[in-house]
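Biologist: Hi! Could you pull up the model so we can go through it together?

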Amino acid sequence: MTAPLSSPPTHSPLTWEDWLPLHAQTPFTLSGIAETLDGGQMFRWNRLDECSWQGVWGRHLARVRLCGDGSLEAAFPKGRDSDSLPALRQLLGLDLPYTDWYARLRESDDSAMLSAMSVAEGLHIVNLPLGEALLSFLCSPMKRIPQIKQVLDNIARSFGEELYEGIHALPSWAALANVDEEALRGCRLGYRAKSIAGTARMLAQRPDFLETVAALPYAEARKPLTELPGVGGKIADCALLYSGTCGLAPFPVDTWISRAMAKLYGLEGMNPEQTASYGRERFGEIAGLAQQFIFVSVRKIG
DNA sequence: CTCCAGGTCAGGT
DNA sequence: ACCTGACATGGA
């Protein structure tokens with residue numbers, strides 16, 4: 001179907017260590033952890049059963065499950081890198097002050113927000129590597145979440161390193177610079193293949209580009225990202241928010257958020273850029289978390 | 001068959 | 001500054 005694998009499999013068979021407690025500071029609900037792992041922030045986590053998921057990010061593989069008391073546990077492959085546990089804590093933001101952030105959202109006396117929060121109690125915003133978040137959302141325009149997941153799986157299987165049997169990392173941008181547009185189209189990317197090929201070429205000429213952007217505050221990070229082909233304000237905001245490089249300041253506005261904000265806050269007639277500015281000003285440093293609650297709420301309830 | 005999906009861009013007012 | 005259509009693909 002797609003281009004052949006470039007790297008030979010050098011993995012051992014996949015077996016799992018015992019479950020470990022994650023000691024999150026705040027309790028999760030089922031929908032809270034579901035929307036964190038597999039609700040459109042990341043696209044490489046899949047549900048194993050009612051309360052457990054498996055996913056790949058960077059070169060890490062893990063399983064996460066929710067226990068009856070709202071606590072989380074994680075499992076890792078035998079023979080894993082020893083930094084997978086801290087990497088997972090980082091991914092899920094388990095050491096960030098979510099208790100304070102939830103309190104601030106609740107104190108805002110915003111009935112629409114309180115209602116949205118009740119839909120996914122415990123929801124966190126993820127912290128992917130910036131390049132991986134960028135690649136993920138370059139696949140997203142005019143696609144549904146299951147399709148984005150399928151395309152990214154195609155990309156990983158075609159061009160990414162095989163970490164364990166049948167389980168591939170996403171390719172680095174440096175690796176994608178050696179993939180031509182036609183091969184990307186084979187992953188069912190459609191017209192988005194051009195954006196990814198073009199972005200890979202630009203990043204190959206500026207190896208420090210993403211690292212530099214990741215060190216910038218929100219107001220300065222957005223513009224350079226939108227100079228990459230296929231990256232407008234929305235994808236730039238998603239890449240920044242779901243990589244955590246500038247905290248929770250970004251407020252990505254897609255069709256769902258645009259409709260929801262118009263209805264909830266009377267913003268009829270605003271274009272997406274104006275809605276994004278409104279969201280950032282209304283919710284301040286935790287705008288991105290507020291955005292995610294609205295996104296979850298409008299998709300689950302309407 | 002038709003419609004639309006976690007948008008962006010070029011080309012027109 | 002705003003408005004419009006094109007852009008691939010697949011599922012409802």
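Biologist: Thanks! Which residues surround DNA strand C?

Modeller: DNA strand C is surrounded by Gln-147, Arg-185, Arg-188, Gly-190, Tyr-191, Arg-192 and Asn-271, where near means a heavy atom within 4 Å. Sugar and phosphate make up 70% of the strand C atoms that come within 4 Å of the protein. This is a predicted model, with local features needing pLDDT of at least 70, side-chain atom pairs counting only at pLDDT 80 or more, and totals for chains, interfaces and linings using all residues. Residues are numbered from 1 along each chain as its sequence is written, chains are lettered from A and ligands numbered from 1 in the order written, and side-chain values use heavy atoms, without hydrogens and water.

Biologist: What does the side chain of Arg-185 have 2.8 Å away?

Modeller: A phosphate oxygen of DNA strand C, at 2.8 Å from a side-chain N or O atom of Arg-185. Arg-188 has a polar side-chain atom 3.3 Å from a phosphate oxygen of that strand.

Biologist: And which strand C atom lies 3.4 Å from a polar side-chain atom of Arg-192?

Modeller: A base nitrogen.

Biologist: New topic: how many disulfides are there?

Modeller: Zero in the whole structure, counting pairs of cysteine sulfur atoms within 2.5 Å.

Biologist: Why is there no bond from Cys-238 to Cys-246?

Modeller: Because the sulfur of Cys-246, the closest cysteine sulfur to that of Cys-238, is 12 Å away, too far for a bond.

Biologist: Is Cys-238 buried or exposed?

Modeller: Buried, at 2% relative accessible area; buried means under 20% and exposed over 50%, with partly exposed in between (1.4 Å probe, protein chains only). Cys-246 also counts as buried, at 14%.

Note on methods
Polar contact = N/O pair within 3.5 Å; in protein donor to acceptor, adjacent residues only side chain to side chain.
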